[in-house]
Amino acid sequence: MSSARRRPAVEEWTSVEVRAYLAEQGRPMAARTWTSYVSRGQAPAPVRRVGRTPVWSPEDVRQWAAEASAARVRAGRRVAEPGA
């Protein structure tokens with residue numbers, strides 16, 4: 001494949017990587033929970049699929065996680081700090 005036809009290198013996360021990031025942020029999540037959130041439109045949609053594997057934009061996931069944390073704080077739920 002010529003270099004003109006190659007896709008630019010873009011970071012994308014699998015659901016395992018998404019859940020690892022969420023766990024680092026103090027919001028661990030089961031695989032089924034993440035899948036359910038995505039299917040109900042409560043989490044970002046995958047940007048594409050690699051074979052049968054959906055992948056997400058890290059920026060979309062980070063933004064979603066930040067907005068979800070802010071919404072929990074506004075709702076009066078205490079958000080634990082990572083490592084606390």
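Let's start with a word you'll need: a residue is buried when its relative accessible area is under 20%, exposed when it is over 50%, and partly exposed in between (1.4 Å probe, protein chains only). You're working with a predicted model, where local features need pLDDT of at least 70, side-chain atom pairs count only at pLDDT 80 or more, and totals for chains, interfaces and linings use all residues. Residues are numbered from 1 along each chain as its sequence is written, and side-chain values use heavy atoms, with hydrogens and water left out.

**Exercise 1. Get an overview of the chain: which elements does it have, and what share of it is buried?**

Step 1: Count the elements. You should get three helices and two strands. These are DSSP runs numbered from the N terminus (helices are H or I with at least four residues, strands are E with at least two).

Step 2: Put them in sequence order, and the pattern reads α-α-β-β-α.

Step 3: Turn to burial. Of the 84 residues in the chain, 24% are buried.

Step 4: Check the confidence, using pLDDT (the predictor's confidence in each residue, from 0 to 100). The chain's mean is 85, and 77% of its residues reach 70 or more.

**Exercise 2. Look at helix α1: which of its residues are buried, and where do they sit around the axis?**

Step 1: Pick out the buried residues in α1, namely Val18, Tyr21 and Leu22.

Step 2: Look down the axis of α1. Its buried residues fall within an arc of 100 degrees (taken from the directions from the helix axis to the C-beta atoms), so they line one face of the helix.

Step 3: Recall a handy rule. An α-helix has 3.6 residues a turn, so residues three or four places apart point the same way.

Step 4: Now flip to the other side of α1, where Val16 and Glu24 are exposed. Val16 has a relative accessible area of 54%.

Step 5: Just past the end of α1, spot Gly26, which takes a positive phi of about 85 degrees.

**Exercise 3. Sort out the aromatic pairs: how many are there, and how are the rings arranged?**

Step 1: Learn the rule. Rings of Phe, Tyr and Trp (its six-membered ring) pair if their centres lie within 6.5 Å; planes under 30 degrees apart are stacked, over 60 edge-to-face, and the rest tilted.

Step 2: Count the pairs, and you get four.

Step 3: Try Trp13 and Tyr21. Their ring centres are 5.2 Å apart with planes at 40 degrees, so this pair is tilted. Both residues are buried.

Step 4: Try Trp34 and Trp56. Here the centres are 5.5 Å apart and the planes at 70 degrees, so the pair is edge-to-face. Trp34 lies in helix α2 and Trp56 in the loop between β2 and α3, so the pair ties together parts that are 22 residues apart in sequence.

Step 5: Group the rings. Trp34, Tyr37, Trp56 and Trp64 form one aromatic cluster.

**Exercise 4. Find the largest nonpolar core: how many residues does it have, and which helices supply it?**

Step 1: Know what counts: buried Ala, Val, Leu, Ile, Met, Phe, Trp, Tyr and Cys residues joined through side-chain atoms within 4.5 Å.

Step 2: Count the residues in the largest core. There are twelve, among them Trp13, Met29, Trp34 and Trp56.

Step 3: Trace the suppliers. Each of α1, α2 and α3 gives at least two residues to this core.
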